[in-house]
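Visitor: I would like a close look at one residue with an unusual backbone angle, and then at what surrounds that part of the chain. Please keep to what can be computed from the coordinates.

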Amino acid sequence: MTCILPGSSYSAAMSPDCGRILGHGVDPDMNCGSSLLLMNCGSSFLLALPEDVLALVSGLLNPVDLCNLSLCCRSLNELAASDKVWFMQCEKLGLVDAHDFISWRKVVDSYKTICRFLVKVKPLIGIWVHQNPELGNVVYVMWGFMSVVACRVIPQELGPLGFDGPLLWAPVFEIIGDSDGSPLFFLHGRETDKDYCYPGSLKAIHDRCNVLLLEAAPQKNMTTHAVRATIDDLGTDSSRRICRSEESRSISHRVAEGNDSVPFSRLAFGDRRRLLEIVADHVRLEMPASASHPLFPRSRDALAVEDELVMEKETTKEDVVMLAERRSLLIQMYRTGNVGEGQASSSSSKETVQLGSCIRGQCNTAGLSKGSWDKMAIDSSREQRVRNNLDCSISQHLSFDGRENSQNTKKRTIAGYFRDGFKQIIGKATGGNNGSIILKNGSSSSESKHVQLHEFLRSGSSVGLSLHASTMKLSTYRAWPIMHDNRFALYKLPQPLPVEGQEYAGLWGGTFGWPPGRPAEDKPGKALFFLLLSYEESDEGKYLIATKILEGTHYVLHPNGSAMFIVNINEPSSDPFPWETDRDSLPVVIRQTYHGEGIANGYGFRYPGSKPGALFTLQSGLLAFVWRETRAVLTLQRLNLRSLLGKGERVAALPPVANFAYLTKSYSNVFAGFAGTHSLSFPSKI
């Protein structure tokens, strides 16, 4: 039997017309008979190769090609299922070190399972942000142990080790790969001084997702031990309070009833918030002490010991054992709703325990007691009042102005960049609510009004938490997305990689003062800033822009997403560097100096100004922007977040919904009380 690989050149051998072979890459000097003989040898050519050689050859294929190869015949199916073949695929992806996924192999069926998980969740890796609080809300999603872990970086001061010191962080969510590679979603949170996890489902992840949405999702199928019920089981009184009369509902609402499901985004903000809180309260599971192990392997940089090589191996083995035990426990909790070792959930009511074991973190609509629904329901007068206030803002509005994303051909000075930037930031609170989010399928959320809660719930017999990684067309300015205040979402920041001509692109840490990290006599600590450096070109030249995404002060100085400085790469500066030596008393070597302008006091918080200065690139790899008039200096060093979090300290999280997206407008460090941080100082005024 001839084995045919679909879509390959070998399929030409099945045609009686030998001339067709020449069009599929077969040697034209080979006669027709030899070509057919070669083709009829089938899979024997591949199978005759040594296994290691086959693994190398398979590395030229992608995972889809390998799956197609397995459909050809039994022999090639065995070849395509080989662990060595899929090890090469995992290594070719380049997402995780081979050292890590080799340790993952001990807890899953095969390297094919690992590859499947890596491909599914890789779009989540990166930096995600939200506008609130203005100090910065930075969530970094990174690889864990057969998992991805989302950690919020706490606004903090620079430690004694400077930019290389550990970071304070709090868990937001994690996604664990099951034994077959299926992703299991857990939201993290803390309530009544206890840590909880909130299991839920994960919707299909778009390859280019830029928005992470926390949603409640109705489900039709339930496990055998779950009670089947609908919203009608709540009783006529509750149903009457939740919904308006048939006569008062709009045509769009009635049409929505004919659909199989209603998007969570079409609910009013108050309904979405209360539904998320009630579902989270029903599905929560208290984290046992045995699950307090690290969520991810410690950074190898943290393993500096006397016998580094031996201790690193022993510590790594210890981490793998603890992480494997923790993973097994969480999977058990996800499947059964039990905390482990026969213990039930810590919730007080039997009803809540049953709900915790419903379909991987779903709760029965019948299980939502009348009292719970009463909390969710709103009377007609309050409903009308809420809708009047939020009609424009709750419809998922964001501005999408093509002029902001198109190439601006007008000549602009650096000061013009500052003015335009802050106008754009202010526009988020005003003009941003006049547009609408445009989804990937082209539909606009403003095309339809809110649906009622009972219309949303009628599509399923249970409801659970869900993480939705979606792709949306967002208005952005200098890599900072324009966000909506009433969406439980995180927004992905583009992370430009340093390339030729854009050597300084990427994430940098910054602090005020020179040398960096040395505390002044009157200020025991210095605030740590996170800055995203990106490039933008215009007719006047190429600009390097430092966008603030986090600041470790107690009370915010500048809006989130504002430019701390903008320099013209094509305009050298003759300004001298104010200091001759660095922290180690070594001479400071200046490589290049560029003219620019830095942020300064203006017309209040929302309207800062700018003052001239210069950016110095140092031989040591540091950057330093110096304001000409005040000689204030902002020193920068490139950061490796994975390494710093790996040797950092975990602190308490916020309550679950707020822990995912903190929507309350705030200008202070709302995380300080949870992180146990001490008083934070302000950088020097400019």
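Visitor: Where is the place of Met146, and between which strands does its loop lie?

Guide: This is a predicted model, and every value below is computed from it. Met146 sits in the loop that runs between strand 2 and strand 3 (147-153). The residue is not a glycine, yet its phi is positive, about 50°. Its relative accessibility is 0%, and because the limit for buried is under 20%, Met146 counts as buried.

Ser585 makes a useful contrast. Ser585 also has a positive phi without being a glycine, here about 65°. The loop that holds Ser585 lies between strand 19 (563-572) and strand 20 (590-600). Ser585 has 57% relative accessibility, which is over the 50% limit, so this residue counts as exposed.

Back to strand 2, now from the other side. The loop between strand 1 (126-130) and strand 2 contains Pro133. The peptide bond leading from Asn132 into Pro133 is cis, with omega near -10°. A cis bond also joins Trp514 to Pro515, with omega about -5°. Pro515 belongs to the loop between strand 16 and strand 17 (529-538).

Strands 2 and 16 meet again in the description of the largest pocket. That pocket holds about 780 Å³ of space. Two or more lining residues come from each of strand 2 (137-143), strand 16 (506-512), helix 8 (98-104), helix 13 (308-336) and helix 20 (641-646). Helix 8 contributes the most, with 4 residues. In total 34 residues line the pocket, and those nearest its centre are Asp97, Tyr140, Asn640, Arg642 and Ser643. By class the lining divides into 18 nonpolar, 9 polar and 7 charged residues.

Next comes the packing. In soluble globular proteins, nonpolar side chains tend to be buried together. The largest nonpolar core here has 68 residues, and the ones with the most contacts inside it are Trp104, Ile114, Leu124, Phe173, Ile175, Leu212 and Phe660. Beyond four places along the sequence, Phe660 touches Arg152, Val172, Phe173, Leu187, Leu212, Leu213, Leu214, Leu467, Phe488, Ala489 and Leu490. A separate core of 34 residues lies apart from the largest one, with Leu528, Leu532, Leu550 and Leu645 among its members.

Phe185 shares some of these partners. Phe185 is part of strand 5 (residues 183-191), and since its relative accessible area is 0%, under the 20% limit, it is buried. Its contacts beyond four places in sequence include Phe173, Leu214 and Leu467, and these three also appear among the residues that Phe660 touches. Ile175 and Tyr334 are further contacts of Phe185, as are Tyr198, Pro199, Gly200, Ser201 and Leu202. For Phe185 and Ser201, 16 residues apart in sequence, the C-alpha to C-alpha distance is 5.7 Å.

Ser470 gives a polar case in a buried position. Ser470 is found in strand 11 (residues 462-470). Its relative accessible area is 6%, so it falls under the 20% limit and is buried. Setting aside neighbours within four places, Ser470 is in contact with His206, Cys209, Asn210, Val211 and Leu213. Leu213 also touches Phe660.

Asp207 has the opposite setting. Asp207 is in the loop between strand 6 (194-202) and strand 7 (211-219). With a relative accessible area of 67%, which is over 50%, Asp207 is therefore exposed. The C-alpha atoms of Asp207 and Lys122 are 8.3 Å apart, while 85 residues separate the two in sequence.

The chain totals put these sites in context. The protein chain has 686 residues, of which 53% count as buried, and its secondary structure comprises 22 helices and 24 strands. Of the contacts with a separation of 6 or more, 72% join residues 24 or more positions apart. The accessible surface comes to about 30,900 Å², and carbon and sulfur atoms account for 51% of that area.

To return to the request: Met146 combines a positive phi of about 50° with a place in the loop between strand 2 and strand 3, and strand 2 also gives two or more residues to the lining of the largest pocket.

Conventions:
Residues are numbered from 1 along each chain as its sequence is written. This is a predicted model: local features need pLDDT of at least 70, side-chain atom pairs count only at pLDDT 80 or more; totals for chains, interfaces and linings use all residues. Side-chain values use heavy atoms; hydrogens and water are left out. Buried means under 20% relative accessible area, exposed over 50%, partly exposed in between (1.4 Å probe, protein chains only). Contact means heavy atoms within 4.5 Å. Accessible areas come from the Shrake-Rupley method with a 1.4 Å probe; for residues, only the protein chains shown count as cover. On a 1 Å grid over the protein atoms alone, a cavity is a set of points where a 1.4 Å probe fits but cannot get out, and a pocket is an open set with protein on both sides within 12 Å along at least five of seven lines; lining residues have an atom within 4 Å of a point. Grid points are joined across faces, edges and corners, and a volume is the space filled by probe spheres set on the points. Ala, Val, Leu, Ile, Met, Phe, Trp, Tyr, Cys and Pro count as nonpolar, Asp, Glu, Lys and Arg as charged, and the others, Gly among them, as polar. A nonpolar core is a set of buried Ala, Val, Leu, Ile, Met, Phe, Trp, Tyr and Cys residues joined through side-chain atoms within 4.5 Å.
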